[in-house]
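Here is a protein chain to explore together. Take a moment to turn the model around, and then read on for a guided tour.

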Amino acid sequence: MASSFSILLAVVTFVALLDVGSCGTDFTVHVEKGSCPTKLSLVTNVEVSEVEIREKGSNDFLECKGSGTKWTLESKEPLKGPFAVRLTLKNGGYRVDDAAIPEEWKADSIYKTKIQV
């Protein structure tokens with residue numbers, strides 16, 4: 001008869017294998033119609049606490065306005081892609097994709113990032 005410890009160890013190992021093998025959700029960004037060189041209107045496929053965009057050649061992220069899945073970044077000057085995306089998750093963690101939106105982005109297009117949530 002197996003000991004309680006052996007059974008517990010087997011269960012813990014099985015759960016750990018399931019956790020490692022599970023996949024997250026691919027984070028996507030939909031650049032909405034109405035976006036233009038000075039305005040990015042974004043819809044994300046999951047709710048997040050914050051979205052920030054970094055333009056090509058910049059060291060700084062710019063905070064998008066919005067909440068949940070709808071975010072907007074407006075600028076007086078044309079924005080320069082490709083764009084890095086940094087998002088803050090509801091649990092407080094954050095993720096970054098350094099080339100989430102390509103240089104030649106188009107309005108009403110969906111871009112799959114390298115971010116798993």
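A salt bridge is counted when a side-chain nitrogen of Lys or Arg lies within 4 Å of a carboxyl oxygen of Asp or Glu. Lysine 70 and glutamate 32 fit that rule, with their closest N and O atoms 3.4 Å apart. Lysine 70 sits in strand β5 and glutamate 32 in the loop between β1 and β2 (39-48), so this pair ties together parts that are 38 residues apart in sequence. Keep in mind that this is a predicted model.

**The overall picture**

The chain has 117 residues, and 31% of them are buried. It contains 1 helix and 8 strands, and along the sequence the helix comes before the strands, in the pattern α-β-β-β-β-β-β-β-β. Among contacts between residues at least 6 apart in sequence, 54% join residues at least 24 apart.

How confident is the predictor? The average pLDDT of the chain is 86, and 80% of the residues score at least 70. Residues 8-22, however, have a pLDDT below 50, and beyond near neighbours in sequence this stretch makes 0 contacts in the model.

**Pairs of opposite charge**

Side chains of opposite charge can pair when their charged atoms come close. In this model the count comes to 5 salt bridges. The table shows some of them.

| Pair | N to O distance | Citation |
|---|---|---|
| Aspartate 26 and lysine 112 | 3.3 Å | salt bridge |
| Lysine 70 and glutamate 32 | 3.4 Å | salt bridge |
| Arginine 54 and aspartate 98 | 2.7 Å | salt bridge |

Arginine 54 belongs to strand β3 and aspartate 98 to strand β7, so their pair links parts of the chain 44 residues apart. Aspartate 98 counts as exposed because its relative accessibility is 52%. In the pair of aspartate 26 and lysine 112, the partners are 86 residues apart, with aspartate 26 in strand β1 (residues 26-31) and lysine 112 in strand β8. Aspartate 26 is partly exposed because its relative accessibility is 29%, while lysine 112 is exposed, at 58%.

**A buried charge without a partner**

Now look at glutamate 55, in the loop between β3 (50-54) and β4 (62-63). Which side chain of opposite charge is nearest to glutamate 55? The answer is lysine 80, 6.0 Å away; glutamate 55 is buried yet has no salt bridge. Why does this pair not count? A salt bridge needs the nitrogen and oxygen within 4 Å, so a distance of 6.0 Å falls outside the rule. Leaving aside residues up to four places away in sequence, glutamate 55 touches Leu62, Pro78, Leu79, Lys80, Pro82 and Phe83.

**Around proline 82**

Proline 82 is in the loop between β5 (65-74) and β6 (83-88). Most residues other than glycine have a negative phi, and most peptide bonds are trans. Is the bond from glycine 81 to proline 82 cis or trans? This peptide bond is cis, with omega near 0°.

Glutamate 103, from the loop between β7 (94-101) and β8 (109-116), touches Lys56, Gly81 and Pro82, again leaving aside residues up to four places away in sequence. Glutamate 103 and lysine 56 are 47 residues apart in sequence, yet their C-alpha atoms are 8.4 Å apart in space.

The loop between β7 and β8 also holds aspartate 108. Its phi is near 60°, a positive value in a residue other than glycine.

**A charge over a ring**

Finally, find phenylalanine 61: arginine 86 lies over the face of its ring, 4.0 Å from the ring centre. As for aromatic pairs, a search of the whole structure finds 0.

Conventions
Residues numbered from 1 in each chain as written. Heavy atoms only, no water. Phe/Tyr/Trp six-rings, centres within 6.5 Å; stacked < 30°, edge-to-face > 60°. Lys NZ or Arg CZ within 6 Å of the ring centre and 35° of its normal. Helix = DSSP H or I, 4+ residues; strand = E, 2+ residues; numbered from the N terminus. Buried < 20%, exposed > 50% of the residue type's maximum accessible area, 1.4 Å probe, protein only. Lys, Arg positive; Asp, Glu negative; His and termini not counted. Contact = heavy atoms within 4.5 Å. pLDDT = per-residue confidence, 0-100.
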